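Please open the structure in your viewer and keep the sequence panel beside it. The tour below moves from one selection to the next and says what to look for at each stop.

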Amino acid sequence: MDDELLTIGAFAARARLSAKALRLYDRLGLLPPARIDEASGYRYYRADQVERARLVALLRRLDMPLARIAEVVEAPDGAAAADRLAAYWADVEVRMAGQRTLAEYLRGRLSGRSSEMYGKFVIETVDVPEQVVISEARHVLAGELPAWIGASLGRLEAAARECGGVTAPPFVVYHAEVSMESDGPAESCVPVADEAAARAWAERNGRTWETKVSVRPAQRLAYTRITKAQVAHPQILAAFEAVEEWIAREGLEQAGPCREVYFADWDAAGAQDPVCDVAFPVIPAR
């Protein structure tokens with residue numbers, strides 16, 4: 001059998017890889033040797049492992065995480081492997097598009113074009129009456145935020161049917177920064193009609209999702225309306241900053257954490273349809 005095997009040096013030359021890379025792939029479980037001599041510790045590979053070695057090396061040049069590489073090389077056939085690679089690359093392109101947009105946003109800030117960006121947003125105020133709210137709070141990072149918002153608001157809107165119905169657009173309050181490094185917390189909120197029914201519902205079901213009921217006082221909001229496309233990061237950062245700048249310019253003070261108010265059917269909305277108000281509670285400057 002040994003004459004059918006290649007030493008690590010011979011195999012490395014045929015695969016056009018270094019012996020160091022092959023030892024790394026072995027350690028990561030991506031390309032184990034066909035045999036390891038117990039006495040000497042020498043590694044031996046089969047000639048038919050060359051194609052897998054070259055594939056692993058090429059996938060690593062795509063900056064593919066090791067877990068995703070394993071999924072590709074362990075695929076049952078070539079078509080499945082190609083599909084897994086396509087899925088990974090689609091994720092890369094989405095991430096690159098977001099980074100490209102972020103870079104453009106940062107260029108605007110660094111070059112002093114912030115006022116030009118902020119000028120694209122129309123800022124208004126609205127008086128919101130006292131509201132009975134059922135809410136769900138969670139520490140969440142930016143990458144987890146969209147899925148959590150959709151899931152939590154869905155749960156709360158379903159619960160609202162037992163609490164007299166929804167009385168105003170749902171909203172998400174950010175009690176601290178949510179980013180790739182900071183996890184908030186954020187709080188999803190749905191205004192409902194019946195406080196007693198809401199408290200009874202929370203008593204029966206609230207512990208599962210740490211839902212609570214509160215009465216939010218009447219307040220004035222300074223806000224700007226944005227489209228579905230602008231909700232994406234980092235476009236939404238410019239909207240928040242535009243409202244903050246307007247508040248300071250108008251001689252007002254922020255009276256609480258910022259929020260996003262979702263008033264449209266998200267799934268039915270197009271990229272340029274208004275779906276959300278970016279808002280801050282405000283009071284006259286003291």
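In which loop does Pro185 lie? Select Pro185 in this predicted model, and you will find this residue in the loop between strand E6 (171-174) and strand E7. Now add Gly184 to the selection and look at the bond that joins the two residues, since the peptide bond from Gly184 to Pro185 is cis, with omega near 20°. As background for this stop, most residues other than glycine have a negative phi, and most peptide bonds are trans.

Next, move to Glu187, which has its place in strand E7 (residues 186-192). Is Glu187 buried or exposed? Its relative accessibility is 3%, and because buried means under 20%, Glu187 counts as buried. Show the side chains around this residue: the side chain of Glu187 makes a polar contact with the side chain of Ser135 at 2.7 Å, and another with the side chain of Arg216 at 2.8 Å. If you leave aside its neighbours within four places in sequence, the residues in contact with Glu187 include Trp148, Phe171, His175 and Lys212.

From there, select Glu195, which is found in helix H8 (residues 195-209). Glu195 is partly exposed, with a relative accessible area of 32%. Not counting residues up to four places away in sequence, Glu195 touches Val132 and Val215. Draw a distance between the C-alpha atoms of Glu195 and Ile134, and you should read 9.1 Å, although these residues are 61 residues apart along the chain.

The following stop is about helices that meet one another. Two packed helices are described by the angle between their axes and the distance between the axes. Select helix H1 (residues 8-15) together with helix H2 (residues 19-27), whose axes come within 9 Å and cross at roughly 100°. That makes H1 roughly perpendicular to H2. To see where they touch, show Ile8, Phe11 and Ala12 in H1, which meet Ala19, Leu22 and Arg23 in H2. By class, this contact of H1 with H2 has 5 nonpolar, no polar and 1 charged residues.

Keep H2 selected and add helix H3 (residues 50-61), because the axes of H2 and H3 come within 11 Å and cross at roughly 90°, which makes H2 roughly perpendicular to H3. On the H2 side the contact is made by Leu22, Leu24 and Tyr25, and on the H3 side by Ala53, Val56, Ala57 and Arg60. Sorted by class, the contact of H2 with H3 has 6 nonpolar, no polar and 1 charged residues.

Two loop residues deserve a stop of their own. Select Arg16, in the loop between H1 and H2, and note that its phi is positive, about 60°, although it is not a glycine. At 63% relative accessibility, Arg16 counts as exposed. Then select Asp63, in the loop between H3 and helix H4 (66-73), where phi is near 60°, again a positive value in a residue other than glycine. Asp63 counts as exposed at 63% relative accessibility.

Finish at helix H10 (residues 235-249), where a short calculation can be checked in the viewer: at 1.5 Å a residue, its 15 residues should span 21 Å, and its end C-alpha atoms are 21 Å apart, which agrees. Colour the buried residues of H10, among them Ile236, Phe240, Val243 and Trp246. Just after H10, Gly251 takes a positive phi of about 75°.

Technical notes. Residues numbered from 1 in each chain as written. Predicted model: local features only at pLDDT ≥ 70, side-chain atom pairs only at ≥ 80, totals over all residues. Heavy atoms only, no water. Axes fitted to C-alpha atoms, helices over the stretch in contact; angles between N-to-C directions. Helix = DSSP H or I, 4+ residues; strand = E, 2+ residues; numbered from the N terminus. Parallel < 35°, antiparallel > 145°, perpendicular 65-115°, else oblique. Contact = heavy atoms within 4.5 Å. Nonpolar A, V, L, I, M, F, W, Y, C, P; charged D, E, K, R; others polar. Expected span 1.5 Å × (residues − 1). Buried < 20%, exposed > 50% of the residue type's maximum accessible area, 1.4 Å probe, protein only. Polar contact = N/O pair within 3.5 Å; in protein donor to acceptor, adjacent residues only side chain to side chain.
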